[in-house]
Amino acid sequence: MTGTTPGGTLTLTDDLTISRMGYGAMQLAGPNVFGPPKDRDEAVAVLREAVERGITHIDTSDFYGPAVVNEIIKEALHPYPADLHIVTKVGNRRGDDGSWNVSRDPQDLKAQVHENLQHLGVDTLDAVNLRLGTNEGQTVEEPIGDMFGALAELQQEGLIRHLGLSAASDAQLTQAQAIAPVVTMQNLYNLANRQDDALIERCAAQNIAFTPFFPLGGFSPLQSQTLTDVAARLNASPQQVALAWLLQRSATIALIPGTSSRAHLRQNIAAADLKLPADAVAELDTIGS
């Protein structure tokens, strides 16, 4: 099944080239991203098929589960292929009731990095995003120097190769870059939520991967008659069209749609081969205007 890389590749540094169509592992945990999955064997199979089909970019976090998803990734793929890059994030912890709790004290951020290292079974993490903002993914303007600086210290120690931000603003990107290079931005963005258009252009100019989370709307799935009509004309699903639109939006956008089923994984990967004609793009552009 190996062959072309889904969506092509994006080279961010000499040692970091990722498939533009990646895989988000969040849905491999149980309901509400908490506890074990209903079907662990299928979760393992999804990860293995993603890699077999050329995906070299997996997004995860130790607060998915918590720890459950990273442990499944390790079970499925360790020892990891040389070209596979796992991007994780820190900045939250889960309560015993499944609640999402902000945890960005510099020392605890370091502890979270060590937990990711342990549960993924690696000595160095390919990339770590500092998760900022609200649990809903909205940015909040606040100083991030101490938080990002803690991760930069671990980078200097060799525990992290590359750093990124999640749910961050343009100003916070500037703050972070004064401390260490930033290779990834992971923000809320999709057909209907385009508040980061200017940030996408900045990331393209600076060769930073912009990775939209909730590319299909997340907990509020995209619903648009325009999207449905365009998809019908192109003989594709609305979800595939929404993903294809993102890939065509900018050359440095990388996607991480998630799923816990191999059938759905194949549908997502197929979106990388869907070329939207100019009239379809113009029609889709009206959704977020």
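Which strands each supply at least two residues of the lining of the largest cavity? In this predicted model, they are β2 (16-19), β4 (57-59), β8 and β10 (184-186). The structure holds one cavity of 30 Å³ or more. The volume of the largest cavity is about 60 Å³. Its lining includes L12, L16, I18, H57, D59 and V87. A127, N129, T184, Q186, A209 and T211 also line the largest cavity. By class, six of the lining residues are nonpolar, five are polar and one is charged.

The overall form of the chain was examined next. The secondary structure of the protein chain comprises ten helices and eleven strands. Along its principal axes, the C-alpha trace spans about 50 × 45 × 40 Å. The radius of gyration is 18 Å, which agrees with the value near 19 Å expected for a compact globule of 289 residues. Of these 289 residues, 55% count as buried. Contacts in the protein chain with a separation of 6 or more were also examined. Residues 24 or more positions apart account for 72% of them.

The nonpolar interior came next. The largest nonpolar core has 78 residues. Within this core, Y23, L47, I73, L151, L165, M185 and V241 touch the most other members. Helix α8 (residues 238-249) gives the most to the core, with seven residues. Another core, of seven residues, lies apart from the largest one. Among its members are L10, L12, L16 and A254. Two of these names return in the cavity, where L12 and L16 are part of the lining.

Helix α8 also holds Q240. Q240 has a relative accessibility of 15%, so it counts as buried, the cut-off being under 20%. Leaving out residues up to four places away in sequence, Q240 touches Q267, A270, A271 and L274.

Pockets were considered separately from the cavity. The second largest pocket has a volume of about 190 Å³. Y80, P81, A82, L84, H85 and I86 are among the residues that line this pocket. L120, V122, T124, L125, D126 and R161 belong to the lining too. Two elements, β5 (85-90) and β8 (125-131), give two or more residues to the lining of this pocket. Strand β8 also supplies at least two residues to the lining of the largest cavity. The pocket lining has eight nonpolar, two polar and two charged residues.

A loop residue, F34, was also examined. F34 sits in the loop between β3 (23-24) and α1 (40-52). Is F34 buried, exposed or partly exposed? Its relative accessibility is 28%, so F34 counts as partly exposed. The reason is that partly exposed covers the range between the buried cut-off, under 20%, and the exposed cut-off, over 50%. Setting aside neighbours within four places in sequence, F34 is in contact with A29, G65, P66, R94, G95, D96, D97 and G98. F34 and S99 are 65 residues apart along the chain, and their C-alpha atoms are separated by 9.1 Å.

Technical notes: Residues numbered from 1 in each chain as written. Predicted model: local features only at pLDDT ≥ 70, side-chain atom pairs only at ≥ 80, totals over all residues. Heavy atoms only, no water. Core = buried A, V, L, I, M, F, W, Y, C linked by side-chain atoms within 4.5 Å. Buried < 20%, exposed > 50% of the residue type's maximum accessible area, 1.4 Å probe, protein only. Helix = DSSP H or I, 4+ residues; strand = E, 2+ residues; numbered from the N terminus. 1 Å grid on protein atoms, 1.4 Å probe; cavity = no way out; pocket = protein on both sides within 12 Å on 5 of 7 lines; lining within 4 Å. Points joined across faces, edges and corners; volume = space filled by probe spheres on them. Nonpolar A, V, L, I, M, F, W, Y, C, P; charged D, E, K, R; others polar. Rg over C-alpha atoms; globule rule 2.2 N^0.38 Å. Contact = heavy atoms within 4.5 Å.
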